[in-house]
Amino acid sequence: MPIVKARPTSLLSLTAAVVAGALIGAGGGVGTYAALSSGDTKTVVRQVTVGGSQPAASTSGLSVNSIYKLAYRGVVEVKVNSQSTGAFGGSQSQSAEGSGFVYDTSGHVITNQHVVAGATSVRVTFWNGKTYTASVVGTDSSTDLAVLDVKAPSSALYPLTLGDSSKVQVGDNVVAIGTPFGLAETVTAGIVSALHRQITSPNNFSIDDSIQTDAAINHGNSGGPLLDAQGHVIGVNAQIESDSGGSDGVGFAIPSDTIKSVASQLISSGKAQHAYLGVQLGDTGSNASVASVKANTPAAKAGFRAGDVITAIGGTKVSSSDELRAAINARKPGDRVSVTFTRNGTTHTVSLTLASRPS
C-alpha cells in the first residue's frame, strides 16, 4: 500500500497534542493516531490497511475488577524528556508521556518505540507511586516496540504474563490499563473488534496481525497492555483511529506473539532483526504484485522489476501480499531462499540471500 508522507497539521483541541498518526484509505478525514501524550503539535499521517478473518466470539473469563486487581501493579507510567530544534533554531526541551508494563523480574519494561524515540531521559513510575530512572535497552521501529531497564527494587516489580495472541478471537473481552492524559491506572474495557489488522510502523513498515479493540484508548495509553479475560497481555496498545484525535472506539494493539519475538532480541542484543527482500508491494489483495523495487536490495540484485508477481518463497506458494510478508518474516537475515515469480506470463525462479530490514 502507498505510504502517505508525514506532514504538520493544525493544533488538536486535546489535553495533550498528538505526535503520530495515520489516515485510512476508505475513510477520508479519519485519522489513526499514536496514543502518546506530548507537548509536540505535529501529527504524523500514515495509511492503515484493514482486513483479515474474524473467528467466532468467546466471552468467558474474569471480571474487569478481577483483571485490574491481578494486573495493575505490573503497569507503569513512562515519562520522557527529549530535545528538538526550535522554529528559529536552537534547542528546546520537550516532554512526553506514555505507558508500559513490567516484563520480568530483572526490571525490564515493555513500551512503544514512539514513546521513547529521541529520549534524553526516561523515568518510570510504578503502582506504589515510586519513580525510577530508566535506560533504553533497545528499540525496534519496525514493530514500534521498546524495552527499558529500570533499577527498581524487587518489591516494586510485578511482571505481567504474555498471552498467546494467535488464540484470540473476535468478541473476546479485553481490558486496557494505562495513563491516558496523565491519569495513572486508568482502566477501560471492551471486546476484540477484529483481528489481523495491518497498521504502519514509525519507519513505514507494516505491523501485521494487530488486534483491533473498542476499549477506550487515548493519548498516554501508548505502550500499555491490552489484557485478555485471564489477565494475560495479548497486545501493546499503540494507535487509535479517530476523527477528533480522541477515542472513537477503534484502537489497535501490537500482538503479544510479536512482543515475545522482539523483546527477547532487544534484551539479548539491543536490537531486533527482520528479514528483508526489498520490494514495495501493490495494493491488490489477489496476488503479491511488485509495485517497485528498492535500490541495492536483494530483490534489486536478483533483477526484480515492477509488475512481477511473486508466487512462491522457498517452494511454498504465496497468493497475496500478506502471505508474502509472512513468508519473509518467518525467515532471518542471511537466509538463502528461492523466489518464484511470473513476468509477462513466464515463470522464473531465482535464489537470493535476504538482508536485514533497514531501521
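Here are legends for a few close-up views of this predicted model.

**View 1. R343 and its surroundings in strand β22.** The strand here covers residues 336-343, and R343 is part of that run. Is R343 buried or exposed? With a relative accessibility of 17%, R343 falls under the 20% cut-off, so we call this arginine buried. Look past the neighbours within four places in sequence, and you'll find R343 touching G303, F304, R305, D308 and H348.

**View 2. V147, a buried valine in strand β10.** Strand β10 takes in residues 145-150, with V147 among them. Relative accessible area for V147 comes out at just 1%, so V147 counts as buried. Which residues pack around V147, once neighbours within four places in sequence are set aside? Contacts run to H108, V109 and I110, then to S135, V136, V137 and G138, and finally to A263, L266 and I267. T111 is worth picking out too: it sits 36 residues from V147 in sequence, yet the two C-alpha atoms are 6.4 Å apart.

**View 3. Strand β5 with its partners β6 and β8.** Start with β5 (residues 75-85) and β6 (residues 91-102), which pair in the antiparallel sense over 11 bridges. One of the bridge pairs to zoom in on is V75 with F101 of β6. Strand β5 also pairs with β8 (residues 119-125), again antiparallel, this time over 6 bridges. For that pairing, find E77, which stands opposite T125 in β8. While you're tracing the strands, keep in mind that side chains in a regular strand alternate between the two faces of the sheet.

How values were computed. Residues are numbered from 1 along each chain as its sequence is written. This is a predicted model: local features need pLDDT of at least 70, side-chain atom pairs count only at pLDDT 80 or more; totals for chains, interfaces and linings use all residues. Side-chain values use heavy atoms; hydrogens and water are left out. Helices (H or I, at least four residues) and strands (E, at least two) are DSSP runs, numbered from the N terminus. Buried means under 20% relative accessible area, exposed over 50%, partly exposed in between (1.4 Å probe, protein chains only). Contact means heavy atoms within 4.5 Å. Two strands pair if DSSP finds at least two bridges between them.
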